[in-house]
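Okay, thanks for coming, everyone. I'd like to walk you through one structure today, so let me put it up on the screen.

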Amino acid sequence: MSGQIDSNFEDDVDFVPSTTNEVQSVSNTVDETQNQRKRTSRAWDHFTREKIDGKIKAVCKYCERKLVGESSSGTRHLNSHVKTCPVRKAQLAANPSATASPSVSFNFDPDLARTKLAQMIVKHEYPLSMVEHSGFIEYSSTLCPMFQMVSRNTIRSDIMKMYKTEKEKCRQNLEKSRSRIAITSDMWTANHQKRGYMAVTAHFIDDSWNLHSQILSFKYVPCPHDAPALLEALRSCLNDWKIEDKISTVTLDNCTANDSMIDLLKGQFEPDSFILKGKLLHVRCCAHILNLIVKEGLSVIGDIVDKIRDSVAYWSGTPKRHEKFEDTARQLGVPYTKKISLDCVTRWNSTFLMLSTALSYKTVFERARLRELRLRCAPSEIDWQNAQQLCDKGAFY
């Protein structure tokens, strides 16, 4: 058939070459004949002809799809594929004025694409529903038309499979570790739910002396958060990971409930299972102790801190008030480079940041107070001076 390469070309040769020159001559004749016949059909500009498993296949230069390449099959199916090839269409869509280049090699792995999508959602805390957003589907189709977008239930299943795989890897690392495992635990309360959660983290050193830290558990702990409840939550985590006999220390906040919990924990194990019979088991969190010391020191000037905190809370309480505060700063020529924000009562360094930021807008607070009659309580000049002295000493240390 015109425009096709005869697969039986070699069978039509009526002699067997006996010399190297004759072999080379036949080879050149075959190459020249193939090139001449290939040019008669434009379809072969987009395909390569290969012999795969004893059969002649036409391999797409864009998506590497394998189609029938026998001479008797014609080229109509090849031309049809060129018109619908998703990779070629994507190249043309990206640059409509250019011609798609068949020299670009692209290997699409749908499983890898779904894995990367799941990792992206977890890493950036995107909602699962994003996979069903029309804009995201169109964007993904533009990047790779071959990718079939999944539903939120499917991506949730992928994430859970990924979690179980990573959990098993961590379990194996803990089992292989020949060192003791240090545990840190803390209770955290969600403000919008008023529910308590316990986080448990393991720290250990591998055989290459590399330090590893891995969150083992983050689970809800029902009230009351007394010693038996805390012990049950911690013990279930240790049992789940099968590391009860490898614990070196348990670092906790400095509170009476944790003291009682450690006593109960020691009573459930043989003394020899701990280092020095458990004398070093309980480690009190230095950061928590330091926080208590600083809070005690700040109580001396608690009234001053409260006044500044109330002013910051008022002006950052609503978008309209914050916009009015920012406009006042602009009118006074004060660069508004740091956004005022409240401190966190459990983080003393956040109180320092709140005070230092508020001091940079002292004149703005004073001018804004004159424009807001509902703001009855505000720091005095002496309050600002004392806060400045406190921040100067804090910055020095």
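Before I start pointing at things, a word on labels: when I say helix or strand, I mean a DSSP run, at least four residues for a helix and at least two for a strand, numbered from the N terminus. And please keep in mind that what you see is a predicted model.

With that labelling, Arg195 sits in strand E5, which covers residues 195–205. Let's stay on this arginine for a moment. Is Arg195 buried, partly exposed or exposed? Its relative accessibility is 33%, so it goes down as partly exposed; the cut-offs are under 20% for buried and over 50% for exposed. The side chain of Arg195 makes a polar contact of 3.5 Å with the side chain of Tyr197. Then look across to Pro222: it is 27 residues away from Arg195 along the chain, yet the two C-alpha atoms are separated by 7.6 Å.

Okay, stepping back to the whole protein. We have 14 helices and eight strands. There are 397 residues, and 31% of them count as buried. The accessible surface comes to about 25800 Å², with 52% of that belonging to carbon and sulfur atoms. If you take the contacts with a separation of 6 or more, 58% of them are between residues 24 or more positions apart.

Now the strands toward the beginning of the numbering. E1, residues 47–52, and E2, residues 55–60, run antiparallel and are joined by six bridges. Together E1 and E2 form a hairpin with two residues between them. Which residue in that turn has a positive phi? That's Asp53, at about 55 degrees. If you want to see the pairing itself, find Arg49 and look opposite: you'll land on Ala58 in E2.

From there, go to His81, which is in helix H2, residues 76–84. At 7% relative accessibility, His81 counts as buried. So what is His81 in contact with, once you set aside its neighbours within four places in sequence? The list is Phe47, Cys60, Cys63, Arg65 and Leu67. Phe47 and Cys60 on that list should ring a bell, since E1 covers residues 47–52 and E2 covers residues 55–60.

Next topic, salt bridges. Searching the whole structure turns up 16 of them, and I'll show you a few.

Start with Arg284 and Asp259, where the closest N and O atoms are 2.9 Å apart. This pair links distant parts of the chain: Arg284 is in strand E8, residues 282–284, and Asp259 is in helix H8, residues 256–267, 25 residues apart. Both ends are partly exposed, with Arg284 at 36% relative accessibility and Asp259 at 23%.

Then there's helix H10, residues 302–315, where Asp306 and Arg309 both lie, three residues apart, or about one turn of the helix. These two form a salt bridge with the closest N and O atoms at 2.8 Å. Asp343 comes into the picture too, because Asp306, Arg309 and Asp343 are linked in a network of salt bridges. Asp306 is partly exposed at 36% relative accessibility, and Arg309 is partly exposed as well, at 22%.

Still on H10, Lys307 pairs up with Asp383, and here the closest N and O atoms are 3.3 Å apart. Asp383 is in helix H14, residues 381–396, so this salt bridge ties Lys307 in H10 to a part of the chain 76 residues away in sequence. What about exposure at the two ends? Lys307 has a relative accessible area of 28%, so it counts as partly exposed, whereas Asp383, at 8% relative accessibility, counts as buried.

Last stop, out on the surface. Ile289, Leu290, Ile293 and Trp348 make a nonpolar patch of about 340 Å². Which element gives the largest share of that patch? Helix H9, residues 286–298, supplies three residues. Ile293 is found in H9, and with 52% relative accessibility, Ile293 counts as exposed.

That's my tour. If you'd like to look at one thing again, we can go back to the network of Asp306, Arg309 and Asp343, or to His81 and its contacts. Happy to take questions.

Terms used: Residues numbered from 1 in each chain as written. Predicted model: local features only at pLDDT ≥ 70, side-chain atom pairs only at ≥ 80, totals over all residues. Heavy atoms only, no water. Patch = residues over 30% accessible without salt bridge, like charges linked within 9 Å, V, L, I, M, F, W, Y side chains within 5 Å. Areas by Shrake-Rupley, 256 points an atom, 1.4 Å probe, with all protein chains shown as cover. Salt bridge = Lys/Arg side-chain N within 4 Å of Asp/Glu carboxyl O. Buried < 20%, exposed > 50% of the residue type's maximum accessible area, 1.4 Å probe, protein only. Polar contact = N/O pair within 3.5 Å; in protein donor to acceptor, adjacent residues only side chain to side chain. Pairing = 2+ DSSP bridges. Contact = heavy atoms within 4.5 Å.
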